[in-house]
Structures are given as structure tokens and as C-alpha cells.
Amino acid sequence: MKDQRDLSFWKLWNLSFGFFGVQIAYALQSSQVSRIFSTIGADPHDLSYFWILPPLMGLIVQPIVGSASDRTWNRLGRRLPYLLVGAAVAIIVMCFLPNAGSLGLAISQAIIFGLVMLMLLDTSINMAMQPFKMLVGDMVNERQKGLAYSIQSFLCNAGSVVGYVAPFVLAWFLSNTAPAGEVPPTVTWAFYLGAFILLLCVVYTFAKVKEMPPAEYAAFHGIEVDKEEKGPKENMFRLLVKAPKVFWTVGLVQFFCWAAFLYMWTYSTDAVALQAFDAPSVQEVTGVTIDGKSYDDKYFFAGEQPVIENGTLTLTPDGEATVLSLLKPGTVLTMAHIAKLDEGTGTYVLEQTSELPGIGTPDEIAINYKTVLDPSTKAYQDAGDWNGNLFAIQAIAAVLWAIVLAGFRRRKLGYSLSLLIGAIGFISVFFIHNPYVLAVSYALMGCAWAAMLSMPFTILTNALSGGNIGTYLGLFNCTITIPQIVAALCGGAVLHCFPAADNGAPLTVGMLVVSGVLLLIGSVAVWNIKETFGSQNK
């Protein structure tokens, strides 16, 4: 096997520079998607289910990209063609996603449109992101991989900072409020700006990065070209069975880490709005029960008049429309007579009613509602901007902590300590009500983030050798996506376990405490890792 010479700093830089633009897109997704769906009208208990799509797309796309790119050789390169396709789709989708609530669609339709855009965005981001991880594995020797992934981590976090603070900065020039159900211009234009920067980064990458030709790559990685071309191809499942033990032990740590951060991305905006901005709550009608039969916005009666639409209940007694709106806590519902609140069931009950076309005169109408933070208020949208700033502080702290991590001679000690510090940051949010003090909590989370971005890939790629690095990195991405899928499936149920906040809204800050507990477990699991190197596996 030919010993690859060291690359200059700027060549290492250029290998990962495109990550800057990709990460802006990823930062906007992670910090603003929950805010977008909440603004459209999604229930906080359902938010985690929307987050199933991003990791699910990563689970499907990244192993395919990794395996396919291992066998791709053309004039554009080996990994770069996948960057080009992924970035092109991401740029287009970033111009549509924040407008989901501005297209004149009903809430359910706007949410479905947003979910489709989110699915396409994450698919394209995954396709564009994976080549940068593989380029380091392809072109950097073992001596420089730690430095190369540190540079990648720096650019990743620098891009994150730009994506996170963009809505806050744009609020100096644009309105941070919008009609109910619509995303503020600050968020919309942040996505436009991110798409433009991503385009510039892709152009720069293609101008500066030249991948190895097949013969040089084979010599660098100790691959016999004839054997590689003529020998039987191992599929992903065979490679998974033959994966080094470190693949699984690092993967276990990954499970707890990525589940923790999935909850942060999902619930941080509401948690910050609740803890530090005193965002008011609002009660929204979610359904109506007429003589024991339940209706929601999927059901129609009385001449196809919707029962529930945009949080408003409409009934039609005696041929004249009467709208029953529950917009603020304490609103009195009337339809012929005054409604009373049944404290036991949490529903408003109309004691006497007029005749309803197609139904007759019901004995009882129970109006069901949910209490959530009001996303149409300035306090909530300001919290959304501040949440981006906190994410930026986390990213800056991650950059600084990555420098400290590079000085640890014992990787496992640095890895475990970083996760422990991050756990403290997550749990501390529960006790803090000052938006500026929250910056300390998120800075501590940044220590865990720095370790998550660099340590696993350094440990894994050092343990790999041969022509299947891309496939293994694609498979290893499952240790990122599967825990997020599991966490997303469980999120709503876990949130229901917490009592409501003082204003009646879901206690979303409790989910950040859950994140802290998960990181604590991850910090212990680090000590189960035993590092190996590719040369030992031959």
C-alpha cells in the first residue's frame, strides 16, 4: 500500500469547504422547522412525528450514496456528482418550504405540503453532505484525519452559526410577525439566503477539489485493481456482518447522543418561549362531540360545512351560521345558551342547543380543545429568533471545544467528558428563565456536539481500510438516523408524561431534561469502545 503524502492545510480546507453551505441549510432545518410547523398550526405533541422524515431519508439515502459512489468514476469525480445533485435539489426546496403557510391552503394541507418539502430537503442535504465525509476518508492519510475532521467540524459549525443567526439578524430589516398561520419574512428570507450561499459553495468546491484517479486511489488504499474490478462485489449486508467491533460500540454511543439532539431540535423553540419569553398560551378547538359522536376537521356535515377549520368551530342551527371560536383562555362559547366548562373532561359543554340540519336537536355538544403556546404572538416569534441565537452559541462553543479536544491524548476521556458537559447543559435549561443565561446552557451542549461531529468518524475511519470506506460510512450513518427515528416515534408519548406548564401549554422543557439523561448514558457507554486501526485488520 502506497503511503499518501501529507496535504497542505488549504487542500484539507478545500475538501470540506462545501460543508459550510450544506450546514447552513441543515442549521435552518434543525432550528426553524418546528417553528414553521407550529406557526402553521401543528400540535406540539405531534412535532416529533414530523421529525421522523429527516432521519428516515438519511437512513435510506446515505448508505445508497455511499455504496454507489464507491463504484462511481467519471469526469466529474467519484463523490462530487452526488454533491451536485443533492445541492441542486436542496436549493430549490429551500425556496418552497418556508412558504407552506402562505399558499392559501388549509392547516392540514399546509402541513402535508411542508412535510413533503421537509422530506425532499433532508434527502437532498443528506446526498450533499455525505460526499464531504467520504472525501476525507478517500484522500487523507491516517496522520492527518484528525486534523481533517477538525477542519470539517469547524466549517460545519461556522455554517451552523450563519444559519442559526440569520432570522435574528434579518429581524433588523424585516418584520418578525405575520398573519396567523404564515411564517414571518425573517424566516422565509433566511432560507433564501441559505440557498444562495449553498450555490456559491458548490461552485467553489467543483473549482478547487480534484479527486484521485482510480489507479492512485487503489495504490493509496492497498486495493488490487484487477481484484477490485473482477472479483465478487460484497453487498452492504455482508459488509455489515464483517464490520469491525468499533463500528458497533461507537454506534451505541451514537444512539444516545442523536436521540438527545433530536429532542433539542424538536422542542427547543417552545421550551425557550415557555421558559424565557413568557409566551402566552392559546386554546384551539380540536373537535366536537355531538351526542357521543366525534367530529374533527376531517369530517363534514350540514351541507358540507366544515366542523373544525383553522381552530374555529362552525355549526349551523336553524339555517343561520353560528361560529364558535375559542381564541383565548376564558373565552365564552355560545350558541343559544351559555356554555360551561366541564373541568373533569376538559371540554366545553353546551347545555341547550337548537336544531342542526341533518342531525336534529342534540342533547349535548362537547367542544374539545388543546392549549398550546400562541405562535402568532411576537413573544413566540422573538423566542424563535433567540432560539437560533442559542443554537449559534452552541455551534461557536463546539468550534472552541473542538480545539480543546484535539489536545486530549486519550480520545475516550475527551469523548466521555464532552458528553457529560453537554448533559449538564441540557438539564440546566429546566432551572433557567433568563434568555441570556440560557446561553451558558447551550454553550455546554456545544461541547457534546463537537465530540459527536469529530470523534466517531475519526475512530471509525481509522479502523477501516480497503475499497468500502464509502459504504461503511453510509452504513454508519444509520447510527445517526435510527436513534432519531426511535426518539421521534416516542416523543409525543414522552411529552404526555409531563404535567402541563403553568399557562396550560405542554411542558416542552421537560424533553430537554430527557436529552440530558440520554447524554449521561452515552458518556458512560464511551468507555466500552476499544479503538483499532485499519492496518490491524489486514
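What follows is a walk through the model above, from the whole chain down to single residues. Keep in mind that this is a predicted model, where local features need pLDDT of at least 70, side-chain atom pairs count only at pLDDT 80 or more, and totals for chains, interfaces and linings use all residues. Residues are numbered from 1 along each chain as its sequence is written, and side-chain values use heavy atoms, with hydrogens and water left out.

Start with the overall picture. The protein chain has 17 helices and 10 strands; these are DSSP runs numbered from the N terminus, with H or I over at least four residues for a helix and E over at least two for a strand. Of its 538 residues, 59% are buried. Here buried means under 20% relative accessible area, exposed means over 50%, and partly exposed is in between, with a 1.4 Å probe and protein chains only. The accessible surface of the chain is about 21900 Å², and carbon and sulfur atoms account for 63% of that; such areas come from the Shrake-Rupley method with a 1.4 Å probe, and for residues only the protein chains shown count as cover. Contact, in this text, means heavy atoms within 4.5 Å. If you take the contacts between residues at least 6 apart in sequence, 77% of them join residues at least 24 apart.

Now pick out helix α14, residues 438-462. Its 25 residues should span 36 Å at 1.5 Å a residue, and the end C-alpha atoms sit 37 Å apart, which agrees. That expected span is 1.5 Å times one less than the number of residues. Even so, α14 bends by about 25 degrees at Met452, with a proline, Pro456, following within four residues. The bend at a residue is the angle between axes fitted to the seven residues ending there and the seven starting there. How many of the residues of α14 are buried? The count is 22 of the 25, so the helix is largely enclosed by the rest of the structure.

One place to look beside α14 is Cys156, which is found in helix α6. Cys156 is buried, because its relative accessible area is 4%. It touches Phe19, Gln23 and Leu453, not counting residues up to four places away in sequence. Cys156 and Leu453 are 297 residues apart in sequence, yet their C-alpha atoms are 8.8 Å apart in space.

Helices α6 and α14 also turn up around the largest cavity. Along with α1 (9-40), α3 (53-70), α5 (107-139), α11 and α16 (478-496), they each supply at least two residues of its lining. The structure holds 2 cavities of 30 Å³ or more, and the largest has a volume of about 320 Å³. Its lining comes to 26 residues, with Tyr26, Met129, Lys133, Trp258 and Ile480 nearest the centre. A cavity is a set of points, on a 1 Å grid over the protein atoms alone, where a 1.4 Å probe fits but cannot get out, and lining residues have an atom within 4 Å of a point. Grid points are joined across faces, edges and corners, and the volume is the space filled by probe spheres set on the points.

Next, move to helix α17, residues 509-525. It has 17 residues and reaches 25 Å from its first C-alpha to its last, close to the 24 Å expected at 1.5 Å a residue. Its buried residues include Met511, Leu512, Leu518 and Leu519, and what do the buried residues of α17 pack against? They pack against α11, α13 (411-428), α14 and α16.

The segment after α17 holds Glu531, which is partly exposed, because its relative accessible area is 26%. Glu531 touches Arg411 and Ile459, leaving out residues up to four places away in sequence. In helix α13 you'll find Gly414, and at 0% relative accessibility Gly414 counts as buried. Its C-alpha is 9.8 Å from that of Val526, although the two are 112 residues apart along the chain.

Finish with helix α11 and the loop that follows. Thr249 lies in α11 (residues 245-276) and counts as buried at 7% relative accessibility. Beyond its neighbours within four places in sequence, Thr249 is in contact with Asn528, Ile529 and Lys530. Asp278 is in the loop between α11 and β1 (281-290), and it is exposed, with a relative accessible area of 66%. Asp278 has a positive phi of about 45 degrees although it is not a glycine. Most residues other than glycine have a negative phi.

Technical notes: On a 1 Å grid over the protein atoms alone, a cavity is a set of points where a 1.4 Å probe fits but cannot get out, and a pocket is an open set with protein on both sides within 12 Å along at least five of seven lines; lining residues have an atom within 4 Å of a point.
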